[in-house]
Amino acid sequence: MSNRLPAAAAILLSLGAPASAHRLDEYLQATIVSVEKDRVQAFMRLIPGVAVSSIVIPSIDTNGDGIVSDSERQSYAERVLGDLSLSIDGHPLKPRLVSVDCTGIGEMKEGLGEIRIEFSADLPRGHGSRRLIFENRHQSRIAAYLVNCLMPRDKTIQIAAQNRNENQSYYQLDYRQAGGRSDPLSSLGTIALLLSAGLVLLLRLRARRGRSRAASRQSNHAGMPDAPRERPVRRILGYLPPAWIRSTDR
Amino acid sequence: MRFLSTRTGRGICALASICVSLSPAIGQTATARIVTAANAFLSTLDEKQRQTVEFAFGDEKQRQRWSNLPTGFVPRGGISLKEMNATQRAAALALVSSALSQRGFEKVRQIMESDEVNKTSEGNNPIFGKDLYYISMLGKPSEKDPWMLQFGGHHLALNVTIVGEQGVLTPTLTGAQPALYTIGGKTVRPLGQESDKAIALLNALDEKQRKQAILSYRLADLVLGPGQDGKTIQPEGLKASGMNERQRAMLVDLISEWAGIIHESAAAARMAEIQAGLDETWFAWSGPTSVAPGKNITAYYRIQGPKLVIEYAPQRLGGDPSMHIHTMYRDPTNDYGRRLIAK
């Protein structure tokens with residue numbers, strides 16, 4: 001990109017504009033992502049530099065009348081969204097345009113224009129460790145990307161890690177989502193409880209079978225109890241919480 | 001025959017007030033001093049100018065009307081130094097000075113001078129210059145009720161909210177281009193300490209700490225610059241809880257370059273608040289890890305704590321990034337003193 005600087009300076013000199021105050025040869029695209037339980041929201045600020053505005057403006061002001069109409073603004077925003085990829089836990093998401101706003105063409109020509117796009121996407125139910133991936137390929141040859149994530153307001157969402165490539169066109173957000181049924185700890189707890197309950201049920205069945213065999217043997221061989229078959233059950237039940245023993249080993 | 005015209009008389013009165021406001025008033029609180037200076041400044045203005053300077057305290061548009069850009073591109077509210085006579089200008093600067101520490105005011109002066117150098121180097125371009133800085137007030141200067149003093153222009157946005165004896169400087173933007181210049185044979189770097197202290201801290205980290213602090217991606221600009229009020233991003237980098245005492249002291253000293261712009265008593269309260277959250281404060285660096293002697297770093301860095309965001313972002317605009325710097329100082333929990341006002 002550095003070889004574009006002399007060209008940018010030349011353009012500025014030809015415009016008679018000061019080289020210092022303007023964004024020059026980059027198209028800054030700053031995105032701030034906000035993750036909630038059931039949706040992801042993103043706010044984009046797109047600021048074309050004065051030397052690249054001639055590339056960006058025709059794609060916004062498509063009829064070249066120097067005015068950005070509502071439909072031009074809308075279709076440009078849709079085009080930007082089309083250059084984005086968004087996925088959660090490996091499943092692609094479809095960004096939905098919420099709003100678009102932009103300054104006039106004159107300001108863009110001076111490197112002072114800004115396009116603001118807000119979009120969102122619904123998140124499928126999920127829990128535990130989640131991974132959101134955001135990729136921006138819009139005007140990649142001239143882009144300077146920035147991506148960040150707002151600290152979640154929802155305390156059940158904890159950001160675990162943010163990873164980006166060098167130019168921030170690729171952004172990976174790892175977070176943990178807890179709370180309610182989707183709490184990973186409560187899910188693990190549920191599994192543990194189910195396993196324990198299964199184990200206890202199995203042991204009870206075996207114990208009952210043992211008792212009935214002993215009873216039948218007793219009826220066949222009076223005075224010879226079949227105690228050893230009961231012992232392993234008791235040993236295992238000894239490791240279970242007393243409440244469990246009470247409720248299962250009646 | 002009148003010995004003095006009304007205008008001259010007013011000027012003398014204003015100067016007397018300025019002298020009073022500038023003299024170290026024994027027993028006078030910081031807020032009382034600022035209020036005195038504010039009233040002294042207002043008394044130098046005619047009715048029309050006064051109306052231009054004064055805004056309602058609830059004027060959110062004016063509160064957020066600040067930028068890093070030259071005033072020709074993003075018009076500021078209030079009145080510029082250019083539109084003032086010498087007495088008014090002296091009173092305006094006395095007011096700004098009363099709200100800041102000595103080193104804070106010196107920094108402001110150097111930033112304004114830098115824009116004057118920029119003007120000269122750009123062939124006397126009228127969009128730059130040290131007289132294109134605007135002063136405005138939201139609410140009436142008061143020792144009890146909240147009010148706000150704004151002063152800014154290209155590369156400067158001071159937003160000082162005063163609530164009783166408390167003073168809040170966030171959000172404030174400082175910047176400079178050229179960020180190194182010579183005046184009267186003296187080399188000046190308005191944001192030189194912000195650069196030198198940061199690279200010193202980075203160099204004081206061990207390899208493991210540096211790995212945590214240095215981000216693997218490029219940051220082209222401020223993330224929470226103008227227009228980004230009320231946002232708190234996820235912090236990154238190295239946590240101060242993972243630093244030793246010397247490194248933590250260096251970090252605090254670096255933070256003081258922003259927190260210490262405001263007058264001493266407000267700065268002391270702010271530093272105490274920052275120290276209280278130091279364990280949860282992060283230091284992140286992106287870009288070159290070395291610097292040419294006597295020059296500014298060309299790397300971006302961010303310091304983020306529970307009540308603090310500082311960003312230092314060299315700009316490629318205009319060529320050498322070490323010569324063009326934007327910085328941002330915020331308290332996401334108390335920008336514009338909102339936490340204090342809500343109480």
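Three exercises on chain B of a predicted model follow, each with a worked solution. Local features need pLDDT of at least 70 and side-chain atom pairs count only at pLDDT 80 or more, whereas totals for chains, interfaces and linings use all residues. Residues are numbered from 1 along each chain as its sequence is written, chains are lettered from A, and side-chain values use heavy atoms, with hydrogens and water left out.

**Exercise 1.** Compare the span of helix 9 of chain B with its expected value.

Solution. Helices are DSSP runs of H or I with at least four residues, and strands are runs of E with at least two, numbered from the N terminus. Helix 9 covers residues 245-259, which is 15 residues. The expected span is 1.5 Å times one less than the number of residues, here 21 Å. The end C-alpha atoms lie 20 Å apart, so the two values agree.

**Exercise 2.** Determine whether helix 9 of chain B is largely enclosed or not.

Solution. Buried means under 20% relative accessible area (1.4 Å probe, protein chains only). The buried residues include Met250(B), Leu251(B), Ile255(B) and Trp258(B). Eleven of the 15 residues are buried, so the rest of the structure largely encloses the helix.

**Exercise 3.** Test chain B against the rule for a compact globule.

Solution. The radius of gyration is taken over C-alpha atoms, and the rule is 2.2 Å times the number of residues to the power 0.38. For 343 residues this gives a value near 20 Å; chain B has 20 Å, which agrees. The C-alpha trace spans about 80 × 50 × 35 Å along its principal axes. Buried residues make up 58% of the chain.

Technical notes:
Buried means under 20% relative accessible area, exposed over 50%, partly exposed in between (1.4 Å probe, protein chains only).
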